[in-house]
Amino acid sequence: MVRGSSPSSARSIKFPDACARPEGSSGSGVAVLVPGVRLLRLVGSNRAKMLRNLLALRQIAQRTISTASRRQIENKVPEKQKLFQEDNGIPVHLKGGIADALLYRATMMLTVGGTAYAIYQLAMASFPKKQD
């Protein structure tokens, strides 16, 4: 119990706005606070605040995750189509420039190196060491 109040005394307060009540609750918007039940009303008040925060978060999330782009990106597809369809004797996998050539060479080196290592390991397994 709260000091200085009797169990029969009760106060009523008005909700600040319509959003303070949880959805689905009925009533005229007046909360009766009985000194012994004050904690219960605080929990309801926190629930209403939590609901408002959740609704606000949902609105923010809908605004930030949007399909519309904020800045327009230049369309480079026609330029790339011209580059890759040009008949200049260069294989398609090398038409991208220096980066493509480096990736191609690195891949070839790894492939040749891996094949040589696999053959070496097969040869070592084929001719086991003699035990004395």
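How much area does the protein expose, and what share of it do carbon and sulfur atoms supply? I looked this up before anything else. The exposed area is about 12200 Å², and 61% of it comes from carbon and sulfur atoms.

**Entry: confidence.** I am working with a predicted model. I find an average pLDDT of 76 for the protein, with 61% of the residues scoring at least 70. I then went through the elements. Helix H3 (residues 98-126) has the highest mean pLDDT, 97, and strand E2 (residues 30-33) the lowest, 51. I also noted residues 37-42, where the pLDDT is below 50. Beyond near neighbours in sequence, this stretch makes five contacts in the model.

**Entry: layout.** I count three helices and two strands. Their order along the sequence is β-β-α-α-α. Of the 132 residues in the protein, 6% are buried. I also checked contacts with a separation of 6 or more: 36% of them join residues 24 or more positions apart.

**Entry: the H2 side.** I looked for nonpolar surface and found a patch formed by Leu83, Phe84 and Val92. Together these residues have about 250 Å² of accessible area. Phenylalanine 84 belongs to helix H2 (residues 77-85). Is phenylalanine 84 buried, partly exposed or exposed? I record phenylalanine 84 as partly exposed, because its relative accessibility is 35% and that class runs between the 20% and 50% limits.

**Entry: the loop before H2.** I moved on to asparagine 75, which sits in the loop between helix H1 (38-64) and H2. Its relative accessible area is 52%, so asparagine 75 counts as exposed, the cut-off being over 50%. Which backbone atom lies 3.2 Å from a polar atom of the asparagine 75 side chain? I find that it is the backbone nitrogen of valine 77.

**Entry: leucine 103.** I looked up leucine 103 in helix H3. Leucine 103 is exposed, because its relative accessible area is 58%. I also took its spacing to histidine 93. The two residues are 10 positions apart in sequence, and their C-alpha atoms are 9.8 Å apart in space.

**Entry: for the page margin.** I keep two points in view. Strand E2 has the lowest mean pLDDT among the elements, and the pLDDT of residues 37-42 is below 50.

Key. Residues are numbered from 1 along each chain as its sequence is written. This is a predicted model: local features need pLDDT of at least 70, side-chain atom pairs count only at pLDDT 80 or more; totals for chains, interfaces and linings use all residues. Side-chain values use heavy atoms; hydrogens and water are left out. pLDDT is the predictor's confidence in each residue, from 0 to 100. Helices (H or I, at least four residues) and strands (E, at least two) are DSSP runs, numbered from the N terminus. Contact means heavy atoms within 4.5 Å. Buried means under 20% relative accessible area, exposed over 50%, partly exposed in between (1.4 Å probe, protein chains only). Accessible areas come from the Shrake-Rupley method with a 1.4 Å probe; for residues, only the protein chains shown count as cover. Patches are made of residues with over 30% relative accessible area and no salt bridge: like charges are joined within 9 Å, nonpolar side chains (Val, Leu, Ile, Met, Phe, Trp, Tyr) within 5 Å. A salt bridge is a side-chain nitrogen of Lys or Arg within 4 Å of a carboxyl oxygen of Asp or Glu. A polar contact is a pair of N or O atoms within 3.5 Å; within protein, one must be able to donate a hydrogen and the other to accept it, and residues adjacent in sequence count only if both atoms are side-chain atoms.
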